[in-house]
Structures are given as C-alpha cells and as structure tokens.
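The exercises below ask you to read a structure step by step, beginning with how far its coordinates can be trusted. Please work through each task before turning to its solution.

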Amino acid sequence: MRIAGDNEVKSNPILQARQATGIVEALDSRLKGNWDGSSKSVQRLETLTTISSQCGISLVDARDEDLPLVYVNETFQNITGYSSAEVLGRNCRFLQGQGTNPQHAKQLRNAVTSGQACTLTLKNYRKNDMP
C-alpha cells in the first residue's frame, strides 16, 4: 500500500499475501512474544521488506479495533518523513488532512477490517504537511 501523497492505494489481500507472508509471520511472532530478536530473524524481516523497497509499506494489527501500525518500512519513513518510532502503535489517521476524502478513508478502513480487496485514491500528508 502506498499512503503518502495523492497515490492509488491498493489493498488486495491475495496478491499482498504472496509478498508479505514472511513479514506477517515475523510480526505475528513478535506480537505473540515469540520474537527471538536474533540477527537471523531481523535479517529475514529486512530481506523480505527489501523486496518491496520501491513502495512504502505499512502493516496494521487488524485484530485491534483502532488498527494500530505494527510495521513500516524505510520507504514509508522516507515518503512520509515520520520515523517508525513516531508511528508504531498509532492509527494511520494522523496522515490524513484537509484534502483527504473521508468516504475513501472509510472504504479503506472497512476493507482492512473485513479482509476485502480495495482500490482507491487516498490523499494523505507528509510530516511537513505536503500532500
């Protein structure tokens, strides 16, 4: 998913599952307290995220009603201007601004919580308030 600027946002669980399965498994282990923090685990996570280094990637915990961010890659941080320390645990709403279509935000939120595919354009804002 790309979420900064006026970009097309794609949420397609089937296609993303192929690329993100390893990331999700590693994060699931971390959330369950099974994360061993070994250099091998960290390296695996970094390798998997490098595959999609051209796109800003953010993952939320859909089990939590507020959908907090549990992972963002370096490209996400570069695009938005926010560090992972500033965003992890927060809902993505902080990226929305005056030009964000609230109906599109609602559609995306509904797709994430229901596990459905969703393609739309969502205008979000960087840390410097630029779209």
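## Exercise 1: Confidence

Task: State the mean pLDDT of the protein chain and find the elements with the lowest and highest mean pLDDT.

Solution: Begin with the whole protein chain, whose mean pLDDT (the predictor's confidence in each residue, from 0 to 100) is 75, with 60% of the residues reaching 70 or more. Next, go through the elements: strand β1 (residues 5–11) has the lowest mean, 43, and helix α4 (residues 84–87) the highest, 95. Over residues 1–21 the pLDDT is below 50, although this stretch has 52 contacts (heavy atoms within 4.5 Å) in the model beyond near neighbours in sequence. Where pLDDT is low, the predicted coordinates should not be read in detail.

This is a predicted model, in which local features need pLDDT of at least 70 and side-chain atom pairs count only at pLDDT 80 or more, whereas totals for chains, interfaces and linings use all residues. Residues are numbered from 1 along each chain as its sequence is written, and side-chain values use heavy atoms, with hydrogens and water left out.

## Exercise 2: Architecture

Task: Give the order of helices and strands along the sequence.

Solution: Taking helices (H or I, at least four residues) and strands (E, at least two) as DSSP runs numbered from the N terminus, the protein chain has five helices and four strands, and their order is β-α-α-β-β-α-α-α-β.

## Exercise 3: One residue

Task: Decide whether L95 is buried or exposed.

Solution: First place L95 in the loop between α4 and α5 (102–114). With a relative accessible area of 1%, L95 is buried, the term meaning under 20% (exposed is over 50%, partly exposed in between; 1.4 Å probe, protein chains only).
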